[in-house]
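Okay, thanks for making the time, everyone. Let me put the model up on the screen and we'll walk through it together.

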There are 2 protein chains.
Amino acid sequence: MTKSLAEDIRERLESCTATERRAALALLANYPVLGLGTVAQFAAAAGVSSPTILRFAARMGFPTYAALQTRLRTELEDQLKSPLAKGPESPAEPGVLDFADIACANIGDTFRQLPNTELEAVVALLGDERRTLYLLGGRFTDALARYMAAHLRILRGRVVHVAGQEGNWRDYLVDMGRKDVLIVFDIRRYQSDLARLSVAAANLGVTIVLVTDSWLSPIASVATHVLPARVSVPSPWDSSAALMVIAETLIAGVTATDPERSKRRISMLEVYRDDDDPKRRSGRQGETTEEAPPDPQA
Amino acid sequence: MTKSLAEDIRERLESCTATERRAALALLANYPVLGLGTVAQFAAAAGVSSPTILRFAARMGFPTYAALQTRLRTELEDQLKSPLAKGPESPAEPGVLDFADIACANIGDTFRQLPNTELEAVVALLGDERRTLYLLGGRFTDALARYMAAHLRILRGRVVHVAGQEGNWRDYLVDMGRKDVLIVFDIRRYQSDLARLSVAAANLGVTIVLVTDSWLSPIASVATHVLPARVSVPSPWDSSAALMVIAETLIAGVTATDPERSKRRISMLEVYRDDDDPKRRSGRQGETTEEAPPDPQA
DNA sequence: GCAATTCTGTAATAAATGGAACAGGCGGCG
DNA sequence: CGCCGCCTGTTCCATTTATTACAGAATTGC
């Protein structure tokens, strides 16, 4: 699977018959779109008959025409998903710098596809203080659920992070109702336990917001709102950066829905924090001329 | 015909019903490949039924599903033919989009400032299995510490996430030694408790890696390695996206240092997971030949 | 130049697909 | 609380589609 089907075709072009070669060249000239339509269209564009297309597919090693199409589609999908589709340029070593660039591109792609209306709808949901918010994540994405919960808890009441083992999750279910919202983070490889809880919640009439990858977690089928993000990076792991930006966008949105409430609550809770290292103001010496970090919440 | 179908979909999304929206979002998340297969595949991927896909197509103004496919294909064809035909970069209102753009820019800036040598040094540190790794974060950044710990714990042994109240932290200190590493996430407003622990660890000879914002947490003065990130966004809150990408870069780096070990450990621990929703493979009906989300760890 | 063989298109078939009618279910309104 | 309307999924049918069998055409070898 490492080499493109196009290369494969070029190599095996010799072993083709005359008309099959016409089919092959037509496909290469219009790669891969021509192979995604019907056999008849392909045949017409190549100026040959339908069976020739089938025979061509067979010669390329595909038992069926549908198999060839699947191959083309997955190839195209990979190419479009991972912005690796850069030209053969990039003189710099593809080591560490690439990663950040691609993570950025992922975020850009993610938001280019996300309709604002969908984000706004979710923000409205999360800003409604009459609804209890439950947040839940998977093996890795649980960190995002925590992150988001930590912020939301400051902005409004009734925020619950569903933590612990699956066995305990059921306990949260008894409190969920029709007016409540469950925010689930689930990217591949999807966890069946998350799906189980989501389905149970859905049956209780809970509104479900799903933040997932572009292949869509199976939870999508019970979710009210689905926010898909790009996660592919040149690493065995997926990147949750785009998910985090989605979370932060939502947080920012909720903060902005009711600025008064946000301001009040933020400053109220400020008192209870022990942040803001006191040593910073008194103890330390010069600390150079670097300006102190301005408080963005001012 | 000048504007992409994707935009069209985003616009007319509001006039869609709930399940139709799911179909639309699935298509956008997997644009345009998902629309090039059969209706059944589309439906399965979106978690809805086939007729919903048809109705969705109809609502978008296509008399037939084939018409939608043709539209997608010609669009894709044009795009592939002229490399300049980049996405129209939707000039959407600067409300929500700004946030993502600026977060991206932050990541770019962050890595432009970060010397590769520093990253590599930290990667080498984290890859050394003789050292015990302690991870620690603040009010919000603790999520990142968890996220990173979850990954590192798979890649190597001796990974400890310092959790709980400050009082308990001291318990971790007794085990720390000269060979160990403490990774601290601390952005403004800096928490004095993190600083206290860090100073104590530093006195024990622990190597300290600090991931902070560009104003540098006071912990910087006791840290061996400092990785500063851009965090400012148009919101009362800071963005941890750049921190997350740093964390992921480190994780990817550690994974790559000893690929054999990584592969072995990942596949070993794989067995104990209950991820990978079985329904995805068997349960669902037709599912036809639709590829399951490829496992990036394969 | 002839014959055998391979190749290619036409025609028929069987499968799978898109599409339409139908009925249950959900939420909204009175 | 009950009725009504819309939405959604299931079932079925008609159509298109991929695929096979066959016969004609071309080509190569002798």
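I'll start with the two DNA strands, then go to the sheet, and finish on one aspartate.

First, the housekeeping. This is a predicted model, so local features need pLDDT of at least 70 and side-chain atom pairs count only at pLDDT 80 or more, while totals for chains, interfaces and linings use all residues. Residues are numbered from 1 along each chain as its sequence is written, chains are lettered from A and ligands numbered from 1 in the order in which they are written, and side-chain values use heavy atoms, with hydrogens and water left out.

Okay, DNA strand D. There are 14 residues around it, and the ones that come nearest are A:Val39, A:Leu54, A:Thr64, A:Tyr65 and B:Thr17. When I say near, I mean a heavy atom of the residue lies within 4 Å of the strand. What part of the DNA is the protein next to? Of the strand D atoms within 4 Å of the protein, 66% belong to sugar or phosphate, and the rest are base atoms.

Now some polar contacts, meaning pairs of N or O atoms within 3.5 Å; within protein, one has to be able to donate a hydrogen and the other to accept it, and residues adjacent in sequence count only if both atoms are side-chain atoms. A backbone N or O atom of A:Val39 sits 2.8 Å from a phosphate oxygen of strand D, and B:Thr19 also uses a backbone N or O atom, at 3.0 Å from a phosphate oxygen. With B:Thr52, an N or O atom in the side chain is 2.9 Å from a phosphate oxygen of strand D. Which element gives the most to this surface? That's H4(B), with three residues. Helices here are DSSP runs of H or I with at least four residues, strands are E runs of at least two, and both are numbered from the N terminus.

On to DNA strand C. Again we have 14 residues around it, with A:Thr17, B:Val39, B:Leu54, B:Thr64 and B:Tyr65 coming nearest. Sugar and phosphate make up 68% of the strand C atoms that come within 4 Å of the protein. A polar side-chain atom of A:Ser49 is 3.1 Å from a phosphate oxygen of strand C. A:Arg55 goes for a base: an N or O atom in its side chain is 3.2 Å from a base nitrogen. The largest share of this surface, three residues, comes from H4(A).

Next, the sheet in chain A. It's open, with five strands in the order S2-S1-S3-S4-S5 and parallel pairing; two strands pair if DSSP finds at least two bridges between them. Strands S2 (159-161) and S5 (225-229) stand at the edges with a single partner each, so one side of each has no neighbour in the sheet. Five bridges join S4 (residues 207-213) to S5(A), and A:Leu210 has A:Val226 as its bridge partner in S5(A).

Last one: A:Asp186, in strand S3 (residues 181-186) of chain A. Buried or exposed? Buried, because its relative accessibility is 2%, and the cut-off for buried is under 20% relative accessible area, with a 1.4 Å probe and protein chains only. A polar atom of the A:Asp186 side chain lies 3.5 Å from the backbone nitrogen of A:Gln191. Leaving out residues up to four places away in sequence, A:Asp186 touches several others, including A:Thr141, A:Leu210 and A:Asp213, where contact means heavy atoms within 4.5 Å.

Terms used:
Buried < 20%, exposed > 50% of the residue type's maximum accessible area, 1.4 Å probe, protein only.
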